[in-house]
Amino acid sequence: MIKTYYESGSLSTERQAVVIEFGNCYTKVGFAGEAGPRSIVPSEVRSLKDGRTRKVFDAVKADDQYNLLVEFIHNLYFRHLLVSPKDRRVVVVESVLCPTAIREMLAKVFFVHFEVSSLLFVPSHVVALSTLGVNTALVVDMGATETVVIPVCEGVAVLHAWQAQPLAAKAVEGQISDMLKEREKSDPLEAEGYNNLTEKIIEDIKVRACFVTTLERTQKAREGKPCPCPPSINYLVGPGSNKINISGDVRENAFNILFEQDADQISVSTMMLDAITKCPIDMRKPLAENILLIGGTSMAVGMKARIQEELNFLVSSPQYSEKLKLRTFKFHTPPAKENYTAWLGGAIYGATDIVSTRSLSKEAYLKDRKVPDWVSLIYNTLNEGVKRSV
Amino acid sequence: MAYLVRNDIVQYACTCGQLRPISFLYFCRHCLKLRCGYCVCHEVESHYCSNCLEILPSAEARLKKNRHVPKHIRKCQACFDCPNCLNTLAVRGTTVSVRDPEDPSKVNSQKKYYHACFFCRWTTRDVGLPDQAVQTVSANGWAQKNTSNLQRITVLLEHAKLLGMLERHEREQREKKFTTRFRRNFSHLPGLTAAHVRKRAGLPPELPAPSTIKVNLAEFQPAVAKDTVQELPSDIFTEELDISRVTTLAQRFAQPETQPENIEDLLPMYKHLSTKQSQRCRECEHNVSKPELNPSSIKFKIQQAAYFHVPEVRFVTIEPPIGGKPSEVVILFINPSQHPTTLSFITLQEAEDEMKQYHSEGSADTSVQQGEAPPSLSSLTKPVTVVEEQKPIDISLTGEVLLPAPDIEIILPPKDDAAEYDDSGETQQFHDDPKIVIHRRANKASLRFTVVPKTDFIGENCVIGFAFRYTYVNRISSPAISTSEQKPQKVQLCTRVFMNCGKILEGTQ
Amino acid sequence: MSSLSTHDAKPKHDLKIATHAIVCHESKLKGDITIGAHTIVHPRATIIAEAGPIIIGEFNIIEEQAHIINRLPPGADPSTQIVMEIGNGNVFEVDCLFESTKMGDQNVMEVKSHVGPGVEITSGCIIGAGCKLTGKEILPENTVVYGRNCARRIAMDKPPMQNLQIEFLTKTLVNYHHLKKPRSANS
């Protein structure tokens with residue numbers, strides 16, 4: 001019954017908008033209104049000249065960055081989406097912390113090179129909530145380089161409470177790499193295998209062999225009474241099939257880097273509690289009872305269980321027991337895999353009227369050559385946005 | 001033909017500033033400018049399956065016709081990819097003996113089909129999918145299993161759309177106070193496509209009353225958070241892990257919605273389609289390349305490649321470049337067109353100045369035209385054309401070339417396919433300066449240049465650059481000119497060329 | 001043990017070909033080689049028994065430019081005898097190189113694949129085109145090695161036997177090539 005409304009609405013005849021979530025390692029791309037992305041592709045470009053692959057967001061010079069983006073987005077359109085970019089709407093799901101320079105560059109690439117008809121930047125933390133239908137939640141995005149915690153209240157990101165730390169996939173991979181190097185010294189026979197470890201192989205080891213252990217075992221190990229290690233694994237490296245041994249210690253403890261409180265006493269779980277602490281007191285309970293974990297790193301086996309354990313432990317520890325009087329932490333399960341939850345949020349947003357009313361149009365962009373910041377224009381001052389589009 | 005593949009020997013500067021070999025360039029016959037893959041507008045012409053070569057003309061049309069299958073659009077319905085190694089799966093037939101249900105003593109043989117990957121030997125039997133009775137297997141056998149998510153997402157989508165409508169409703173109410181319905185003019189509305197504007201200006205789709213929206217909104221159930229999460233399986237600390245049974249990230253991401261973690265859960269994937277693309281000049285919106293629709297055809301309907309129009313430049317001989325010493329370079333010029341052309345040489349600086357002048361004139365022209373455009377071509381229907389700004393050419397010159405005086409003109413006869421087999425010798429006289437033109441044959445001429453490599457770039461490649469003017473006969477009569485001038489127009493064009501003469505050697509003294 | 005001494009004396013007589021085997025004359029066979037019944041050795045295939053005898057079972061296909069070499073390990077004593085055993089129903093495709101000492105039954109070495117001396121191949125394995133295995137290991141049964149990075153998986157079944165192909169080759173090769181005469185070990 002509800003269906004009839006929007007089928008007769010203006011959007012059913014319009015072409016589906018393209019929804020893209022650029023990530024440091026993987027980019028998710030698909031169409032608005034669909035249940036999942038068409039492709040999850042590495043954010044890499046293969047150079048025509050020398051055949052090397054380069055990360056899209058690694059460029060130093062603006063010119064170089066522009067060319068990389070053009071090539072990468074061209075591939076997205078013609079290899080994965082298979083539609084013409086021209087005169088089609090685009091929704092970009094971006095992190096709140098996305099540098100303005102990158103956003104300006106993206107706008108230029110989309111409008112000037114690909115001639116898209118409109119562009120809408122949506123903040124990943126806020127749109128992720130539309131996969132749940134709730135307005136208030138503590139959104140934790142564990143991505144490739146950073147973990148970003150932002151509380152969202154009634155659909156508005158509480159920006160002064162945000163927390164971001166480089167405690168994410170790259171940190172875990174660095175830890176695996178260090179632990180394996182340590183082993184290499186004690187095991188010179190397998191040196192050939194260790195020498196060939198590339199970034200991709202470390203990532204593969206992380207995904208296929210490692211898991212997040214429990215708090216209890218970590219604490220015991222810290223007290224000097226370690227539990228027996230899980231079984232080790234023989235792993236074959238590279239074309240030469242050199243065998244290396246991944247010990248149970250690596251498998252179990254690589255992810256612990258995210259939970260070891262470093263010199264500043266910061267871990268993923270303290271970030272979450274700090275974010276809650278910075279929020280007004282009446283928001284704390286709803287935030288603690290609406291936690292949404294997104295981003296690929298949160299898909300690691302045992303990650304959610306560990307975060308819950310950590311939160312329950314920390315909140316009764318002297319560090320937080322004074323500040324926070326929270327008892328329960330509840331977690332949401334979105335109807336999507338964690339690594340594309342933010343994308344799905346963008347796809348849901350992109351299927352509504354919002355995409356036609358709040359987008360930055362090509363004409364507006366070409367006039368000013370500027371991207372309005374979402375904080376100032378789109379969310380906070382609705383009236384100004386209306387003036388612009390009428 | 002190696003020079004066509006080696007893209008660093010002779011490079012032409014495209015109008016946009018990119019350097020490409022001539023085989024990578026287009027020539028727009030309407031703008032009379034070089035275009036490259038970077039500065040043309042790419043469009044998807046048709047979709048086809050690279051395995052069965054079936055054309056799916058327009059995915060968009062299919063979407064409209066049958067809105068229940070948008071899920072798998074842009075995927076071939078008959079072909080599958082291997083979920084293990086991502087290559088194409090092949091259909092294999094076997095005969096299976098089945099016991100007759102009526103007479104258990106009789107055994108019937110039956111033809112059965114399954115999918116197998118010839119690359120990594122994965123088969124649908126590996127994951128326990130039943131064999132199929134027909135050869136053209138549809139995916140019924142292994143329908144996607146995440147229907148519960150799909151239902152929830154549909155509900156969420158409806159919810160979000162209702163919210164969007166409510167917001168629009170409120171805004172329209174606000175607007176009503178200021179503008180009456182009849183005086184509303186949408187043409188200046190940015191952010192709306194032409195179709196959208198027409199729809200709104202003509203017959204605005206009636207929004208349901210806000211009360212009904214609110215009723216429907218109230219039906220929505222937001223997600224509820226739980227205090228239990230997926231536990232870490234306790235046997236992970238004791239069980240041996242067989243890493244070959246865990247999928248890799250590439251395998252997971254190939255099936256983004258399910259992202260299976262065990263190889264037992266891998267299902268064959270619909271084959272991703274390929275596209276045929278056309279290229280369009282951004283300035284005049286004419287196609288410079290348009291393929292034939294048929295996926296097995298490699299021909300083009302339109303192909304304005306630069307090597308059909310622009311004189312081609314090749315090296316004939318190069319004296320080894322020595323730093324600071326002039327060396328002789330013989331360069332061949334080929335006229336690919338059906339009309340004679342006249343070459344003359346200028347420096348890069350002169351060519352740039354000329355282009356700047358032309359550019360400023362050109363932009364003045366278009367502004368006049370826009371003013372006079374008929375109302376049907378108003379800015380509403382004809383979107384603003386956006387052109388990438390020109391970029392400076394990204395190459396450093398490490399050698400200087402001494403060009404013939406700009407008033408020396410070299411005439412190249414037209415290309416004549418029959419002349420290739422004609423041994424009767426040249427009959428035409430060109431009165432060439434024998435110091436410059438060393439050799440001529442049909443539409444080709446070899447010219448002698450002197451190159452002085454710079455001394456401070458020893459060990460690097462000696463890159464020289466120059467520009468040449470050539471006459472081009474424009475046989476396309478644009479509608480505006482056709483009334484006054486029926487004859488083909490003769491125009492003079494200019495192209496910049498960069499050539500790599502090889503490593504600069506050190507002097508021997 | 002007496003036969004061993006005769007090997008050393010008359011190395012030319014070390015080639016033993018079973019009655020139903022097809023060994024083309026243009027193939028290059030060197031050293032002490034035993035070829036089982038119904039095994040096909042194409043022209044230009046190379047089998048070199050340098051470090052010791054090579055014993056090839058039945059129903060194998062050894063294609064053009066395939067190299068089966070029983071090599072002396074570098075620095076090893078030349079008098080050591082290493083026996084290379086190849087089971088039944090194996091296929092050695094064009095330009096593959098097999099240097100290991102042990103191969104079971106029903107394996108496929110695809111085009112340009114390479115199995116180094118340290119790799120023992122059991123049964124039902126497929127070494128994919130261009131794959132190189134140079135480490136030291138025992139390949140489990142039904143292993144498939146494929147792709148640029150020599151990815152591996154365990155297949156459900158063994159690759160099918162090539163009986164039809166063997167039958168076809170047995171009929172056709174005779175028409176176009178001279179064969180090496182079957183010679184049993186005793187004669």
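Here are some questions and answers about a predicted model.

Visitor: Let's start with chain C. How many helices and strands does the secondary structure of chain C come to?

Guide: Chain C has 187 residues, and 48% of them count as buried. Its secondary structure comes to two helices and 21 strands.

Visitor: Why is chain C said to be as compact as a globular protein of its length?

Guide: The C-alpha atoms of chain C fill a box of roughly 45 × 45 × 25 Å along the principal axes. For 187 residues the globule rule gives 16 Å, and the radius of gyration is close to that, so chain C is as compact as a globular protein of that length. The radius of gyration of chain C is 16 Å.

Visitor: How far apart do the centres of the positive and negative side chains of chain C lie?

Guide: Chain C exposes about 9500 Å², with 55% of it supplied by carbon and sulfur atoms. On the charged side, there are 19 positive and 20 negative side chains. The centres of these two sets lie apart by 5 Å.

Visitor: Now to chain A. Which strands are the edge strands of the open sheet of six strands?

Guide: The order in this sheet is S3-S2-S1-S6-S7-S15 (chain A), and the pairing is mixed. An edge strand here pairs on one side only. In chain A, that fits strand S3 (39-42) and strand S15 (360-361).

Visitor: Which residue of S15(A) stands opposite Leu119(A)?

Guide: Strand S7 of chain A covers residues 118-123. Two bridges join S7 to S15(A), and the two run antiparallel. Opposite Leu119(A) in S15(A) stands Leu360(A).

Visitor: Do the partners of S1(A) pair in the parallel or the antiparallel sense, and what is the bridge partner of Val19(A) in S6(A)?

Guide: With strand S2 (residues 26-31) of chain A, S1(A) pairs in the antiparallel sense over four bridges. With S6(A), S1(A) pairs in the parallel sense, also over four bridges. In S6(A), the bridge partner of Val19(A) is Val91(A).

Visitor: How many residues lie between S1(A) and S2(A) in their hairpin?

Guide: Side chains of strand S1 (residues 18-21) of chain A point two ways: Val18(A) and Ile20(A) one way, Val19(A) and Glu21(A) the other, and all are buried. Glu21(A) has Lys28(A) as its bridge partner in S2(A). The number of residues between the two strands of the hairpin is four.

Visitor: Which residues of strand S12 of chain A point to one face and are buried?

Guide: In a regular strand the side chains alternate between the two faces of the sheet. Strand S12 (residues 233-237) of chain A shows this alternation, with Asn234(A) and Leu236(A) pointing to the face where they are not buried. Pointing to the other face, and buried, are Ile233(A), Tyr235(A) and Val237(A).

Visitor: Which residue of S13(A) stands opposite Leu236(A)?

Guide: Strand S13 (residues 242-246) of chain A runs antiparallel to S12(A), and five bridges join the two. In S13(A), the residue opposite Leu236(A) is Lys243(A).

Visitor: What is the phi of Asp87(A)?

Guide: Most residues other than glycine have a negative phi. Asp87(A) is not a glycine, yet its phi is positive. Asp87(A) lies in the loop between helix H2 (62-81) and strand S6 (89-94) of chain A, and at 29% relative accessibility it counts as partly exposed. The phi of Asp87(A) is about 55 degrees.

Visitor: And what is the phi of Arg121(B)?

Guide: Arg121(B) sits in the loop between strand S9 (107-116) and helix H3 (147-176) of chain B. At 23% relative accessibility, Arg121(B) counts as partly exposed. Although Arg121(B) is not a glycine, its phi is positive, at about 65 degrees.

Visitor: How many residues of helix H14 of chain A are buried?

Guide: Helix H14 (residues 341-350) of chain A is mostly covered. Its buried residues include Trp343(A), Leu344(A) and Tyr349(A). The buried count is ten of its ten residues.

Visitor: How far apart in space are Leu258(A) and Gln165(A)?

Guide: Leu258(A) lies in the loop between helix H9 (248-253) and helix H10 (268-277) of chain A. Leu258(A) is buried, with a relative accessible area of 0%, and its contacts beyond neighbours within four places in sequence include Met142(A), Leu167(A) and Met303(A). Leu258(A) and Gln165(A) are 93 residues apart in sequence, while their C-alpha to C-alpha separation in space is 9.8 Å.

How values were computed: Residues numbered from 1 in each chain as written. Chains lettered and ligands numbered in written order. Predicted model: local features only at pLDDT ≥ 70, side-chain atom pairs only at ≥ 80, totals over all residues. Heavy atoms only, no water. Rg over C-alpha atoms; globule rule 2.2 N^0.38 Å. Buried < 20%, exposed > 50% of the residue type's maximum accessible area, 1.4 Å probe, protein only. Areas by Shrake-Rupley, 256 points an atom, 1.4 Å probe, with all protein chains shown as cover. Lys, Arg positive; Asp, Glu negative; His and termini not counted. Charge placed at Lys NZ, Arg CZ, Asp CG, Glu CD. Pairing = 2+ DSSP bridges. Contact = heavy atoms within 4.5 Å.
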